[in-house]
Amino acid sequence: MVPMNAFRIFLSLLGGLLGALLVALPAGAKQPPEGECIVPSKPGGAMFLTCRLAQKALQGKPGAPALKLSYMPGGIGAVAWHTIVSQRRGEPDTLVAFSGGSLLNLAQGKFGKAKPDDVRWVAGLGIDYGVVAVPANSPYRSLRDLMDALRRDPEKLLIGMSGTIGSQDWMKMALLARQAGLDPHQLRFVALEGGGEEFVAMQAGYVQVVSSDVSETGLYTASGKARVLAVLSDKRLPGALAAVPTAREQGFDVVWPVIRGIWMGPDVSDADYRRWVQAFDRAESAPEFARLRAQIGLYPLTLTGDALTRYIRQAVADYKRQARQFNLVREH
């Protein structure tokens with residue numbers, strides 16, 4: 001049994017602590033509501049990293065809600081898109097990660113009759129770039145080595161990709177194959193859900209090549225488990241991949257930038273939408289944001305609100321033109 005004197009001392013200390021907390025909070029102050037960032041893929045890929053970057057960027061900022069992460073995989077964003085647009089249209093504190101792959105699927109009609117203006121685009125957090133990677137012990141030392149092998153026997157190698165035919169990972173390899181004189185439909189692809197699954201499959205020996213992105217490769221290249229043969233950027237990237245040549249340097253004129261960012265439901269009020277846009281404006285202008293962005297392998301791109309919406313409309317139009325080259329656009 002706890003002695004009565006000790007119990008009174010405990011109550012006294014507890015009362016003092018609560019009093020101090022009440023004094024510290026301004027009268028009438030309330031904590032901002034907790035927000036949710038939906039990762040529209042399985043754990044481990046770039047969609048997760050996008051939500052994680054948003055979470056860290058907003059952490060501790062005045063008036064910015066704390067973000068919890070949740071998962072809603074399926075269709076490279078299609079399941080999350082349809083869930084929010086049909087069932088959760090006006091949630092004021094629900095964000096969804098997107099990528100260039102989401103926009104490509106939108107352009108191809110894989111989200112049904114959906115259009116860019118069906119949701120509210122909040123913030124672009126950075127630009128990623130496509131890569132082609134192999135296991136660290138692969139016999140292929142360059143992109144040309146790999147493409148020569150595929151030219152000799154296109155069915156010899158399994159290529160891991162996020163999504164199915166027409167996804168951005170498929171498009172990157174299709175563009176490279178076409179420049180190597182190959183019919184992309186001769187290549188053997190394995191459809192996976194997200195970049196995390198791609199590298200797990202490669203480590204297990206299930207696929208011998210992955211078409212992926214810079215942000216998704218960092219963990220595996222840093223641990224010595226994977227080797228990047230080419231980056232699909234217009235010039236060499238700074239940092240960990242500075243020694244990796246571009247596809248252009250190796251004779252393949254393919255550049256594939258990938259925007260990563262956040263959107264919200266279409267019926268979110270103007271006031272709540274502006275609140276989130278302003279929160280990301282403040283977060284992205286903070287000195288530590290560039291460091292956080294670089295840590296996950298993203299490069300500078302700062303667009304929010306109306307400017308981001310204009311970018312998205314143009315990107316979807318550009319993706320639609322590219323997809324039509326391979327007869328991939330579903331007309332509704």
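Which backbone oxygen lies 2.7 Å from a polar atom of the side chain of Ser 233? In the predicted model examined here, that atom is the backbone oxygen of Lys 235. Ser 233 itself is placed in the loop that runs between β8 (226–231) and β9 (257–264), and it counts as buried because its relative accessibility is 0%, where the limit for a buried residue is under 20%. When neighbours within four places in sequence are left aside, Ser 233 is found in contact with Tyr 129, Thr 246 and Val 255.

The chain as a whole contains 11 helices and 10 strands. Of its 332 residues, 54% count as buried, and the area that the chain exposes amounts to about 15,400 Å², of which carbon and sulfur atoms supply 56%. Among contacts with a separation of 6 or more, 78% are accounted for by residues 24 or more positions apart.

A second loop residue, Lys 42, is found between β1 (35–39) and α2 (46–58). With a relative accessible area of 38%, Lys 42 is classed as partly exposed, because this value falls between the limits of 20% and 50%. Its C-alpha atom is separated by 7.5 Å from that of Met 72, although the two residues are 30 positions apart along the chain. Residues up to four places away in sequence not being counted, Lys 42 touches Tyr 71, Pro 73, Glu 193 and Glu 197, and with Glu 197 there is in addition a polar contact of 3.0 Å that joins the two side chains.

Helix packing was examined for α7 (residues 195–203) and α8 (residues 214–222), which meet at an angle of about 35° with their axes 9 Å apart, α7 passing α8 in a right-handed crossing. On the α7 side the contact is made by Gly 195, Gly 196, Glu 198 and Phe 199, and on the α8 side by Glu 216, Thr 217 and Tyr 220. By residue class, this contact between α7 and α8 divides into two nonpolar, three polar and two charged residues.

The backbone geometry of one further residue deserves mention. Most residues other than glycine have a negative phi. Asn 327, however, which is not a glycine, has a positive phi of about 55°. Asn 327 is found in the segment after α11 (305–324), and it counts as exposed because its relative accessibility is 72%, the limit for this class being over 50%.

How values were computed:
Residues numbered from 1 in each chain as written. Predicted model: local features only at pLDDT ≥ 70, side-chain atom pairs only at ≥ 80, totals over all residues. Heavy atoms only, no water. Axes fitted to C-alpha atoms, helices over the stretch in contact; angles between N-to-C directions. Helix = DSSP H or I, 4+ residues; strand = E, 2+ residues; numbered from the N terminus. Left-handed = near helix turned anticlockwise from the far one by under 90°. Contact = heavy atoms within 4.5 Å. Nonpolar A, V, L, I, M, F, W, Y, C, P; charged D, E, K, R; others polar. Buried < 20%, exposed > 50% of the residue type's maximum accessible area, 1.4 Å probe, protein only. Polar contact = N/O pair within 3.5 Å; in protein donor to acceptor, adjacent residues only side chain to side chain. Areas by Shrake-Rupley, 256 points an atom, 1.4 Å probe, with all protein chains shown as cover.
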